[in-house]
Amino acid sequence: MPPPPRYCPQCADPLTSVDGCVTCGWINYLDPKVAVVVLVQDEQGRLLYIRRNHEPAMYRWSWPSGFVDAGERVEDAAAREVREETGVEAEIGDLLGVWSQTGEQVVVIAYAARPVGGSLRPGPEALAAAWISVQPAHRRPTPVFPHDAEILSSFLGP
């Protein structure tokens with residue numbers, strides 16, 4: 001969770017409570033942050049991964065992901081993140097699930113997708129972008145984030 005604000009964003013008085021401002025009545029809502037994760041699978045059954053160039057999980061391989069902007073449709077955010085991080089245009093498909101954890105601010109929404117255009121190249125938030133097999137016989141990247149194993153299981157099915 002981020003630290004609470006020290007000053008009121010409306011009247012600039014010092015805050016004496018994490019709940020809000022006693023001077024002007026501003027309320028501090030501790031809203032969750034929504035993130036999308038996209039598992040893009042090509043015709044050969046490989047998944048699209050990026051090698052992260054920033055924390056958390058710098059230098060680790062993960063699926064395209066990122067935060068939903070205010071006023072943005074969740075599916076549009078998913079397609080945008082894939083495009084920005086990999087250069088691949090993706091058609092967002094099935095919802096794989098929604099994951100959250102007590103005490104955590106981030107709600108993760110995962111989608112399956114398929115490539116429909118673009119060209120593979122790492123974007124500004126990636127050191128590399130690659131198609132990686134998820135077949136059990138192949139070595140796939142170790143899950144990076146808390147819900148990754150569950151998300152992959154949801155994608156691969158029983």
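This is a short tour of a predicted model, moving from the whole chain to a central strand and then to two single residues.

**The whole chain**

Begin with the complete chain in view and colour it by secondary structure, which comes to 2 helices and 7 strands. Followed from the N terminus, the elements run β-β-β-β-α-β-β-β-α, and the C-alpha trace spans about 60 × 30 × 30 Å along its principal axes. If you switch to a surface, the chain exposes about 9,400 Å², of which carbon and sulfur atoms supply 53%, while buried residues make up 39% of the 158 residues. Among contacts between residues at least 6 apart in sequence, 60% join residues at least 24 apart. Should you colour by charge, there are 13 positive and 20 negative charges to find, and the mean positions of the two sets are 8 Å apart.

**Strand β2 and its partners**

Next select residues 46–52, which form strand β2. Because 5 of these 7 residues are buried, the strand is largely enclosed by the rest of the structure. Add residues 126–133, strand β7, and you will see a partner that runs antiparallel to β2 and is joined to it by 7 bridges; to locate one position in this pairing, show Ile50, whose bridge partner in β7 is Ala129. Then add residues 61–62, strand β3, which also pairs with β2 in the antiparallel sense, here over 2 bridges. In this second pairing, Arg51 has Trp61 of β3 as its bridge partner.

**Ser65 in strand β4**

Move now to residues 65–67, strand β4, and select Ser65 within it. Is this residue buried or exposed? With a relative accessible area of 15%, Ser65 falls under the 20% cut-off and is therefore counted as buried. To see what surrounds it, display Val36, Val37, Arg52, Glu81 and Glu85, with which Ser65 is in contact once its neighbours within four places in sequence are left aside.

**Val18 ahead of β1**

Finally, go back towards the N terminus and select Val18, which lies in the segment before β1 (33–40). Val18 counts as partly exposed, at 49% relative accessibility. Which residues does Val18 contact, leaving aside its neighbours within four places in sequence? They are Pro4 and Asn28, so both can be shown as sticks beside Val18. As a last step, draw a distance from Val18 to Tyr29, C-alpha to C-alpha: the two are 11 residues apart in sequence and 9.3 Å apart in space.

Definitions and conventions:
Residues numbered from 1 in each chain as written. Predicted model: local features only at pLDDT ≥ 70, side-chain atom pairs only at ≥ 80, totals over all residues. Heavy atoms only, no water. Buried < 20%, exposed > 50% of the residue type's maximum accessible area, 1.4 Å probe, protein only. Helix = DSSP H or I, 4+ residues; strand = E, 2+ residues; numbered from the N terminus. Pairing = 2+ DSSP bridges. Contact = heavy atoms within 4.5 Å. Areas by Shrake-Rupley, 256 points an atom, 1.4 Å probe, with all protein chains shown as cover. Lys, Arg positive; Asp, Glu negative; His and termini not counted. Charge placed at Lys NZ, Arg CZ, Asp CG, Glu CD.
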